[in-house]
Amino acid sequence: EEAEPENLPAPGRIAEAARPEQPELPSVEVGFNAAMTPRIRDQISRVGENRVIAQQFHRLGITRFSVEPAYKFGLSEQARIDPATGKIEVSADVADLSRTIAHELAHDISERLSEESRKTIANYITNNRIEVQRAGGMGERVADYFADVMLGNAVAPADIRTLFLQSPLGL
């Protein structure tokens, strides 16, 4: 008689046992519609450790996060936010998840700021020659710069940082 191998999952639990540990984002439902690779899992964990990004998820009402197959995105698109559903979707092929998410958050914040706040931000970006090499206009310059601010790679003056990261937002 053959001995039963030890430490095997119960029948019907093999798929669950084979699934890698799912990363968490505080107060956000995380879903996978594409394969979760160790690289994506590690990057999601790093995003969850960034206090500024976590605050912006809450501020923007983002409650769902999903990794999607790359074919669902345009050629230069790696992520998108749907403010109506509170969901951010990212491509499974995203190169730098933290930067991509911070960039998309910055776009969403910028679009929801008051017209006066957007003008103040644009003047700051223009007058300080920030991201001048960036194609795509002021929207991309603002998103790139404030993604760097959220990631700790750039420092904005306190009044500009507060205006962008803490002022009330429209819908």
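## Glu 77 and its partner

Glu 77 is partly exposed, at 29% relative accessibility. In this predicted model, Glu 77 forms a salt bridge with Arg 80. The closest N and O atoms of the pair are 3.2 Å apart. Arg 80 is also partly exposed, with a relative accessible area of 26%.

## Arg 80 and Glu 89

Arg 80 takes part in another salt bridge, with Glu 89. Here the N to O distance is 2.9 Å. Glu 89 counts as buried because its relative accessibility, 18%, falls under the 20% cut-off. Arg 80, at 26%, is partly exposed.

The backbone pairs these residues as well. Glu 89, in strand E4, is the bridge partner of Arg 80. Strand E4 covers residues 87-91 and runs antiparallel to E3. Four bridges join the two strands. In general, strands of a sheet pair through backbone hydrogen bonds, either parallel or antiparallel.

## The wider network

Which residues are linked with Arg 80 in a network of salt bridges? They are Glu 77, Lys 87 and Glu 89. The structure holds eight salt bridges, including Arg 80 to Glu 77 and Arg 80 to Glu 89.

## The sheet around it

The sheet is open and has four strands. Their order is E1-E2-E4-E3, and the pairing is mixed. Strands E1 (29-32) and E3 (79-82) form the edges, each pairing on one side only. From one strand to the next, the twist averages 15 degrees.

Helix H4 (residues 97-112) lies across three of these strands: E2 (64-68), E3 and E4. The helix runs at about 40 degrees to E3.

## A salt bridge in helix H5

What is the N to O distance in the salt bridge between Arg 118 and Glu 115? It is 2.7 Å. Both residues belong to helix H5 (residues 115-127). They are three residues apart, so about one helical turn separates them.

Both side chains are partly exposed. Arg 118 has a relative accessible area of 27%. For Glu 115 the value is 45%. Glu 115 is still partly exposed because the exposed class starts over 50%.

Key:
Residues are numbered from 1 along each chain as its sequence is written. This is a predicted model: local features need pLDDT of at least 70, side-chain atom pairs count only at pLDDT 80 or more; totals for chains, interfaces and linings use all residues. Side-chain values use heavy atoms; hydrogens and water are left out. A salt bridge is a side-chain nitrogen of Lys or Arg within 4 Å of a carboxyl oxygen of Asp or Glu. Buried means under 20% relative accessible area, exposed over 50%, partly exposed in between (1.4 Å probe, protein chains only). Two strands pair if DSSP finds at least two bridges between them. Axes are lines fitted to C-alpha atoms, for helices over the stretch in contact, and angles run from 0 to 180 degrees between N-to-C directions. Contact means heavy atoms within 4.5 Å.
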